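These are my notebook entries on a protein–DNA model, set down in the order in which I looked things up.

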Protein chains: 2
Amino acid sequence: MKQLSLFVKIVPFCLQENQLFVLLNNNELLKDTITQQIPLDEIAQQIFTTKTKLIYAHAYLEQLYTHMEDDGISVVYFLLLPDQPTSLPKDFSWNQVKNLSVNKTDSSILDYALQRLQWKIEYTNVVYSLLPETFTLSELQDVYATILGEQLDKRNFRKKILSLNFLKATGKKRKGISRPAELFTFKKREPTIIKVFS
Amino acid sequence: MKQLSLFVKIVPFCLQENQLFVLLNNNELLKDTITQQIPLDEIAQQIFTTKTKLIYAHAYLEQLYTHMEDDGISVVYFLLLPDQPTSLPKDFSWNQVKNLSVNKTDSSILDYALQRLQWKIEYTNVVYSLLPETFTLSELQDVYATILGEQLDKRNFRKKILSLNFLKATGKKRKGISRPAELFTFKKREPTIIKVFS
DNA sequence: CCAAAAGTGTTGGGGTTACACCCATGT
DNA sequence: ACATGGGTGTAACCCCAACACTTTTGG
């Protein structure tokens, strides 16, 4: 029989204006063949960097699952990025996850990736990868609300997040149209298991 | 470069006398190459059945993760079985998970598989795959205690389990050395998400 | 002074934990 | 009658959810 091909497929997520976006290549998930015998995480990072020419310091990469597709086996990863870079190679575009029309395989991968992301932010600190260096508690709350797709109570959110003790107040303020907000950073930008919600 | 090989590796768990066992082949995890273009779950099932000649009605199979090994890429599964069959093909043996000496790769796979199993029984009903058709609540409690590696309070365990409403009393009793115990079955032997422990 | 978003406490209910004795059977 | 494991209830506590007003700034 014909030799099976082996791919890594990547679901790159980011947030912009309280909407979840995914990076697509020609309206499909980013995908490339595996050719080197190095850890799969490294292969996934290489493929992303090579194809998109984008470099991030604190992106979060996680393997989702592996499955048989029409043209071979794909090891699927999702990737969390802190912002939408302005310049992208040809054929790449950020797409709002809601109302997305992609092929059936990629669509079910996206559904699952979103579910895993929802689970993940509820018991780890990996949201750090979706946020800039400093941010306000309201911004952080918006990130959670966007990903979970539900409203969150401001007071309860603050109590919970601060009690988990993985944020650090900077003492600086974000000025805006209204009362300035305290700016926070993450104590550590490394994946840590921490029960965020019940 | 040389074409990478593709494997499925399986971690078959079962319980016997309140101890967790794993099935090994020549002191290594069961492993075989992927040759057909069918869903990976089916490949894993086929490999298990072909190699061990064992057939189960309600085994639970779940993909763990995929990683690069020395001789190629392995897609790793764990499998939950209801008992230790008496006759096994040559070179297969059940080994107690505690105090196991296997190679480093398999050892870390086993650690992770156990952790996933611990998580899994806390929010799903998949323990059904480790139990016979009928069982007492004490037996079920022993299964949880064994996998989680901790004692559980009898009254609280019963309240919790019964409130989840996935068991059905049969009305029959298990006779033994002492007072007969009510026998239960699972309403459904299909994976269902249900928060079992906090 | 008005608009806008930041920031802050309390209370009630639900769920979890801790805990000890009686019951049904076999020997 | 005794040994063995089966079976049962309650009280304290903690955590979570619900909820509204004051504060600080810019315009």
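**Entry 1: DNA strand D**

I began at B:S138, where a side-chain N or O atom lies 3.0 Å from a phosphate oxygen of DNA strand D. I note at once that the model is predicted. A second phosphate contact that I looked up involves the backbone: a polar backbone atom of B:E182 is 2.7 Å from a phosphate oxygen of DNA strand D.

I then turned to the bases. For A:R155, I recorded a distance of 3.2 Å between a polar side-chain atom and a base nitrogen of DNA strand D.

Next I listed the surroundings of the strand. I found 21 residues around DNA strand D, and the closest are A:R179, B:K154, B:K159, B:S178 and B:E182. Of the atoms of DNA strand D that come within 4 Å of the protein, sugar and phosphate make up 38%.

Which elements each supply at least two residues of the surface near DNA strand D? I noted α4 (154-164) of chain A, and from chain B both α4 (154-164) and β8 (181-186). The greatest contribution is that of α4(B), which gives four residues. I also sorted this surface by class and obtained 10 charged, six polar and five nonpolar residues.

**Entry 2: DNA strand C**

I repeated the search for DNA strand C. It is surrounded by 21 residues, and I wrote down the closest as A:K154, A:K159, A:S178, A:E182 and B:P180. Sugar or phosphate accounts for 38% of the atoms of DNA strand C within 4 Å of the protein, and the rest belong to bases.

What lies 2.8 Å from a phosphate oxygen of DNA strand C? I identified a backbone N or O atom of A:E182. I looked up two base contacts from chain B. A polar side-chain atom of B:N156 is 2.9 Å from a base nitrogen of DNA strand C, and a side-chain N or O atom of B:D153 is 3.3 Å from a base nitrogen of the strand.

In this case α4 and β8 (181-186) of chain A, together with α4 of chain B, give two or more residues to the surface near DNA strand C. By class, I recorded 11 charged, six polar and four nonpolar residues on that surface.

**Entry 3: the ends of α4(B)**

I returned to B:D153, at the start of α4(B). One of its side-chain oxygens reaches to within 3.2 Å of the backbone nitrogen of B:R155. Just after α4(B), I noted a positive phi of about 65° at B:N165.

**Entry 4: chain A against chain B**

I next examined the contact between the protein chains, to which chain A gives 25 residues and chain B gives 25 residues. I recorded a buried area of about 1,800 Å² between chain A and chain B, with 64% of it on carbon and sulfur atoms.

How many salt bridges are counted between chain A and chain B? I found zero. The interface does hold seven residue pairs in polar contact, both residues being at pLDDT 80 or more.

On the side of chain A that touches chain B, α1 (40-52), β4 (60-69) and β5 (72-81) of chain A each supply at least two residues. I assigned the largest share, six residues, to β4(A). The residues on this side divide into 12 nonpolar, nine polar and four charged.

I then compared the two copies. A turn of 180° with a shift of 0.1 Å along the axis lays chain A on chain B with an RMSD of 0.1 Å. I entered this as the relation of a two-fold axis. The same surface serves both copies, since 100% of the contact residues of chain A recur in chain B.

**Entry 5: salt bridges**

Over all chains, I counted 20 salt bridges in the structure. I looked up one of A:E69 and A:K9, whose side chains meet at 2.9 Å, N to O. A:E69 is in strand β4 of chain A and A:K9 in strand β1 (residues 6-16) of chain A, so I noted that the pair ties together parts 60 residues apart in sequence.

How values were computed
Residues are numbered from 1 along each chain as its sequence is written. Chains are lettered from A and ligands numbered from 1 in the order in which they are written. This is a predicted model: local features need pLDDT of at least 70, side-chain atom pairs count only at pLDDT 80 or more; totals for chains, interfaces and linings use all residues. Side-chain values use heavy atoms; hydrogens and water are left out. A residue is near a molecule or strand if one of its heavy atoms lies within 4 Å of it. A polar contact is a pair of N or O atoms within 3.5 Å; within protein, one must be able to donate a hydrogen and the other to accept it, and residues adjacent in sequence count only if both atoms are side-chain atoms. Ala, Val, Leu, Ile, Met, Phe, Trp, Tyr, Cys and Pro count as nonpolar, Asp, Glu, Lys and Arg as charged, and the others, Gly among them, as polar. Contact means heavy atoms within 4.5 Å. Buried area is the accessible area (1.4 Å probe) that two parts lose on being put together, summed over both. A salt bridge is a side-chain nitrogen of Lys or Arg within 4 Å of a carboxyl oxygen of Asp or Glu. Copies are superposed by least squares on the C-alpha atoms of residues with pLDDT of at least 70 in both.
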